[in-house]
Amino acid sequence: MHGRDKILVTGWFSFLHGEATAGDVLALRRVEEVLGSAGLAYDVVWSPGFRAEGPHFEDLDPAAYSRLVFVCGPAHGRQVEELHRRFAHCVRIAVGVSVIDPGSPAVTGFHRVLARDAAGTDPTPDLAARAPALPARPVVGIVLTHGQHEYGGQRRHEEVAAGLTRWLAGKDCARLELETRLDAHDWRLCGTPAQLEAVLARLDVVVTDRLHGLVLSLRAGTPALAVDPVEGGAKVTAQARACGWPALVAAERMTDRVLEHWWDWCLTGGREEARRIGAGFRAADAAADAADGLVAALGTRQVG
């Protein structure tokens, strides 16, 4: 293709006030696969709110394109109608869309509509279903605390949380924010320890600055990258020592380089070590904890 024969691929992920969903972007990948296999040249236009590097609509010369492909989502609304006006010279095709009102200008403006669902027609699988396979990515639970004011001037909780979340935002992983607090009435929270453990056991790694974020992860056999948010070390450091867990970072020594080191270890050798420690908690010869001394303590005589 040369010059005006080029194709512009667009969708709701292209509009300034649209949105890029995982389904929309996978549908785009399916369309790109088809166009690439046919040897057809194309450009994809992105919303500046989602992909700053573009290209964006304001960067494009409509005259450079002879065809427009609109991918996924509803063929409906003002923004789609504007596409028809701006690219009136193009052959315009909608693919994998939902047709809500077949008589609307947003729909009738297309020369062809290859719908996924429309009244009076059999639905077809969404384009995302047959998108190219994706490489696996680590699934990471994040368990942070912003409390613990009892540590006074030693608290580094806000700094630790800000540093961890900034660092995690740059990691190519699936992030899942978790809370150890239980609530039987809030559907967003686990109502029992078993529910939380079921989640932790399915993760690849947990990033946490909480004592129980560390312990419950290891109990589930999942490696934890633990940061002690108290300067000089406090209960998180003590618990990592008690469990024999090495992936511990002091608040005052937390850098991206240190975090990367333990991240890599947690996703490699740390997996087996976490499983070993978790199994040790339940072994007959498990290390003593405070409860082992409780019965004897209950026999203590009151003095005075």
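This report walks through a sheet, the helices packed on it, and the empty spaces in the structure. Keep in mind that the model is predicted.

**The sheet and its helices**

A good place to start is the open sheet, where 5 strands run in the order 7-6-8-9-10 with parallel pairing. Because strand 7 (174–177) and strand 10 (248–250) stand at the edges with a single partner strand each, one side of each has no neighbour in the sheet. On average, neighbouring strands here are turned by 20 degrees against each other, direction ignored.

To see one pairing in detail, look at strand 8 (residues 205–208) and strand 9 (residues 224–228), which are joined in the parallel sense over 3 bridges. Here Thr208 is found opposite Ala226 of strand 9.

Two helices that pack on this sheet are worth finding next. Helix 4 (residues 157–169) touches strand 6 (139–143), strand 7, strand 8 and strand 9. Its direction makes about 150 degrees with that of strand 9. Helix 8 (residues 256–266) touches strand 6, strand 8, strand 9 and strand 10. For helix 8, too, the angle to the direction of strand 9 is about 150 degrees.

**Empty spaces**

Rolling a probe the size of a water molecule over the atoms reveals where empty space remains. In this structure there is 1 cavity of 30 Å³ or more. Its lining consists of Val143, Leu178, Glu179, Thr180, Leu196, Leu200, His212, Gly213, Leu216 and Ser217. Helix 5 (193–200) and helix 6 (211–219) are the elements that give two or more residues to this lining, and helix 6 supplies the largest share, 4 residues.

The largest pocket is lined by 20 residues; nearest its centre lie Cys243, Phe281, Ala286, Ala287 and Asp289. Elements contributing two or more residues to the pocket lining are helix 6, helix 7 (235–243) and helix 9 (269–281). The largest share, 5 residues, again belongs to helix 6.

Here are the two spaces side by side, with their volumes and the makeup of their linings.

| Space | Volume | Nonpolar | Polar | Charged |
|---|---|---|---|---|
| Largest cavity | about 40 Å³ | 5 residues | 4 residues | 1 residue |
| Largest pocket | about 560 Å³ | 12 residues | 3 residues | 5 residues |

If you would like one element to follow between the two spaces, choose helix 6: it gives 4 residues to the cavity lining and 5 residues to the pocket lining.

Definitions and conventions: Residues numbered from 1 in each chain as written. Predicted model: local features only at pLDDT ≥ 70, side-chain atom pairs only at ≥ 80, totals over all residues. Heavy atoms only, no water. 1 Å grid on protein atoms, 1.4 Å probe; cavity = no way out; pocket = protein on both sides within 12 Å on 5 of 7 lines; lining within 4 Å. Points joined across faces, edges and corners; volume = space filled by probe spheres on them. Nonpolar A, V, L, I, M, F, W, Y, C, P; charged D, E, K, R; others polar. Pairing = 2+ DSSP bridges. Axes fitted to C-alpha atoms, helices over the stretch in contact; angles between N-to-C directions. Contact = heavy atoms within 4.5 Å.
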